[in-house]
Amino acid sequence: MVEFAERSFGKLEIMEKILTNIANPSIAIVGAGPGGLVAARVLQLGGVDVTVYDADASLESRDQGGTLDLHADSGQIAVEDAQLAEEFAALARPEGQAHRLLDPQGAVLMEQTPALDETAAPEIDRAQLRRMLAESLIPNTIRWGRRLASVNDATLTFEDGRVETADLVIGADGAWSRVRAVLTDAVPIYTGVTFVEALFTNVTESHPDIAALVGDGHMWANGDGKTLVLQRNSGDVVRGYISFRVELDWLAEAGLGAADGRGGVLDSNGTSATHTERVRAVLRDRFAEFSPELLRVIDDTEGTLPSRPIFALPTPTTWAHRPGITLVGDAAHVMSPFGGNGVNLALLDGAEIARSIVNAVRTGTAIGDVVREYEERMVSRGATLGKAANDAIAEHYAIGGPDLDSIPNFDEAADQWRANAAEYRASRN
Ligand SMILES: Cc1cc2nc3c(=O)[nH]c(=O)nc-3n(C[C@H](O)[C@H](O)[C@H](O)COP(=O)(O)OP(=O)(O)OC[C@H]3O[C@@H](n4cnc5c(N)ncnc54)[C@H](O)[C@@H]3O)c2cc1C
């Protein structure tokens with residue numbers, strides 16, 4: 001019978017038809033970032049069985065990054081779908097929407113301070129967002145310390161040798177997704193821009209000058225192909241980014257070790273090398289035209305100045321639909337951080353795929369059909385915003401410095417997010 005069916009329909013179509021008939025499918029999500037976690041939450045609200053696997057040892061096993069703004073037309077809609085709007089409002093920082101733009105000497109070129117009741121894009125720390133989503137799940141939904149090695153026909157093999165199966169695998173495993181590798185050969189490409197991270201804690205007392213520079217939100221001091229960024233986080237913390245157009249292997253070229261191919265360096269034992277003072281000296285040299293006050297971002301950081309090259313997938317990145325496997329968020333469309341759409345799309349993708357599955361189960365629709373529809377919409381949306389984000393980073397770090405007129409006006413962006421949100425809600429009702 002199976003042989004007959006295989007001859008008639010082909011193997012992939014048979015899997016699709018099997019998935020069609022599953023009344024209560026089991027879903028495996030790889031990656032407990034914002035995209036994977038919101039998908040799990042919306043699935044559980046809809047009564048669908050889901051397990052999340054993450055490579056991290058625990059929720060707090062490594063630094064979870066800086067602040068993110070959740071847009072009214074995407075991230076906030078997903079948070080609503082997850083029934084976590086109140087929890088988000090309690091953590092969100094509307095005052096964090098303030099922006100200041102300086103020149104390399106510290107002169108203020110532009111300043112915007114949205115009203116405190118502005119809810120177009122409030123800030124939240126990535127760690128807080130992840131915790132809020134993780135704690136909303138049924139206990140034990142997330143299996144920590146499980147790094148996926150490969151996926152094959154909905155069988156997941158982990159690096160610890162364990163094997164799991166599921167009816168549908170959702171790859172939410174970020175920029176270097178192993179799930180994506182089954183669907184396409186596409187890999188992220190270096191944008192030509194690197195962000196080196198700075199960290200300031202207890203800023204009110206220990207770093208009053210940094211606190212004054214950043215205000216309640218963000219500071220950008222733009223030079224020619226280089227920008228110093230400060231961002232206020234919760235808990236009296238400010239994070240900085242020393243960002244510039246540079247070769248991927250700049251640390252190796254500065255003699256700090258062997259290039260690791262991802263912008264880092266390896267020592268003679270093949271392990272990641274850190275040379276904070278030598279990195280600081282190289283950065284000091286490159287940003288020599290900035291004022292001493294601004295150079296405190298480099299001088300006073302408490303961290304080890306880790307280098308984070310910005311990688312982005314080609315736009316569009318497409319694949320032939322494959323039954324039993326799909327992607328959300330950065331795994332599908334990692335893009336430059338310009339525009340802040342990475343986390344917002346991850347959340348919207350996660351909520352959308354989950355809602356589609358819940359509806360399919362309720363109505364007896366083929367899950368393969370709703371996954372296909374989701375992929376068409378998600379790939380096209382990710383490619384449009386990804387192209388804009390990747391063009392924006394190239395323009396910002398172009399020779400001669402950014403064109404100030406091209407920097408988005410917050411009020412206009414806020415109106416656009418609100419209009420998009422109304423359109424999105426109307427289209428799905
Ligand atoms: C540690 C970290 C810090 C970040 N900091 C910032 C920031 O400060 N500002 C900013 O704008 N963006 C930051 N980002 C990126 C931003 O969070 C993402 O663009 C956005 O959240 C997209 O979410 P995502 O859920 O698609 O993927 P991610 O948030 O990248 O989450 C992917 C998850 O998958 C897990 N994972 C990866 N590979 C495997 C594997 N093989 N097996 C199992 N699990 C795996 C990871 O541990 C991670 O939890 C950060 C991302 C990470 C992972």
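In which strand does His218 lie? In this predicted model, His218 belongs to strand 13, which spans residues 218-222, and the residue is buried, with a relative accessible area of 7%. The side chain of His218 makes a polar contact of 3.2 Å with the side chain of Gln231, and Gln231 also appears among the residues in contact with His218 when neighbours within four places in sequence are left aside. The other residues in that set are Thr67, Gly96, Ala98, His99, Arg100, Glu123 and Leu230.

The model was next examined around its ligand. The ligand is surrounded by 30 residues, of which Asp54, Gly66, Arg126, Leu148 and Asp330 are the closest. By class, this shell comprises 11 nonpolar, 8 polar and 11 charged residues. Three helices, namely helix 3 (34-45), helix 6 (126-135) and helix 14 (341-363), each contribute at least two residues to the shell. Oxygen atoms of the ligand are approached by polar atoms of the protein backbone at Pro34, with a separation of 3.3 Å, and at Gly66, with a separation of 2.6 Å. At Asp330, by contrast, a polar side-chain atom is involved, and this atom lies 2.7 Å from an oxygen atom of the ligand. Taken on its own, the ligand has 930 Å² of accessible area, and the protein covers 81% of that area.

Several positions carry a "binding site" annotation in the UniProt record, which is an unreviewed entry; those listed are Asp69, Arg126 and Asp330, and the annotation likewise covers Arg62. Two of these annotated residues, Arg126 and Asp330, are named among the closest residues to the ligand. Arg126 lies in helix 6 and counts as partly exposed, at 24% relative accessibility. Beyond residues up to four places away in sequence, Arg126 touches Gly33, Pro34, Gln64, Gly66 and Leu68. Two residues of this set also have polar backbone atoms placed opposite ligand oxygen atoms, Pro34 at 3.3 Å and Gly66 at 2.6 Å.

Asp69 is located in strand 3 and has a relative accessible area of 19%; because buried means under 20%, this residue is assigned to the buried class. A polar contact of 3.1 Å joins the side chain of Asp69 to that of His71. With residues up to four places away in sequence not counted, Asp69 touches Ala121, Pro122, Glu123, Gly340, Val343 and Asn344. Glu123, listed here, is also in contact with His218. Arg62, in turn, is found in the loop between strand 2 (49-53) and strand 3 (67-69). Arg62 is exposed, with a relative accessible area of 55%, and its side chain is joined to that of Asp56 by a polar contact of 3.0 Å.

Helix 3, one of the helices that supply residues to the ligand shell, also contains Leu43. Leu43 counts as buried, at 0% relative accessibility. Apart from neighbours within four places in sequence, the residues in contact with Leu43 are Ile27, Ile29, Val48, Val50, Ala354, Ile357 and Val358. The C-alpha atoms of Leu43 and Asn429 are separated by 19 Å, although these two residues are 386 residues apart along the chain.

Backbone geometry was considered last. Most residues other than glycine have a negative phi, and most peptide bonds are trans. Against this background, the peptide bond from Thr315 to Pro316 is cis, with omega near -5°, and Pro316 lies in the loop between strand 18 (307-312) and strand 19 (325-327). A positive phi is found at Gln83, where the value is near 55°, and at Ala154, where the value is about 65°. Gln83 is placed in the loop between helix 4 (75-81) and helix 5 (85-91), whereas Ala154 lies in the loop between strand 8 (148-152) and strand 9 (155-158). The two residues also fall into opposite classes of accessibility, as Gln83 counts as exposed at 55% relative accessibility, whereas Ala154 is buried, with a relative accessible area of 7%.

How values were computed:
Residues numbered from 1 in each chain as written. Predicted model: local features only at pLDDT ≥ 70, side-chain atom pairs only at ≥ 80, totals over all residues. Heavy atoms only, no water. UniProt positions renumbered as here; feature names shortened; annotations may be inferred. Helix = DSSP H or I, 4+ residues; strand = E, 2+ residues; numbered from the N terminus. Buried < 20%, exposed > 50% of the residue type's maximum accessible area, 1.4 Å probe, protein only. Polar contact = N/O pair within 3.5 Å; in protein donor to acceptor, adjacent residues only side chain to side chain. Near = heavy atom within 4 Å. Areas by Shrake-Rupley, 256 points an atom, 1.4 Å probe, with all protein chains shown as cover. Nonpolar A, V, L, I, M, F, W, Y, C, P; charged D, E, K, R; others polar. Contact = heavy atoms within 4.5 Å.
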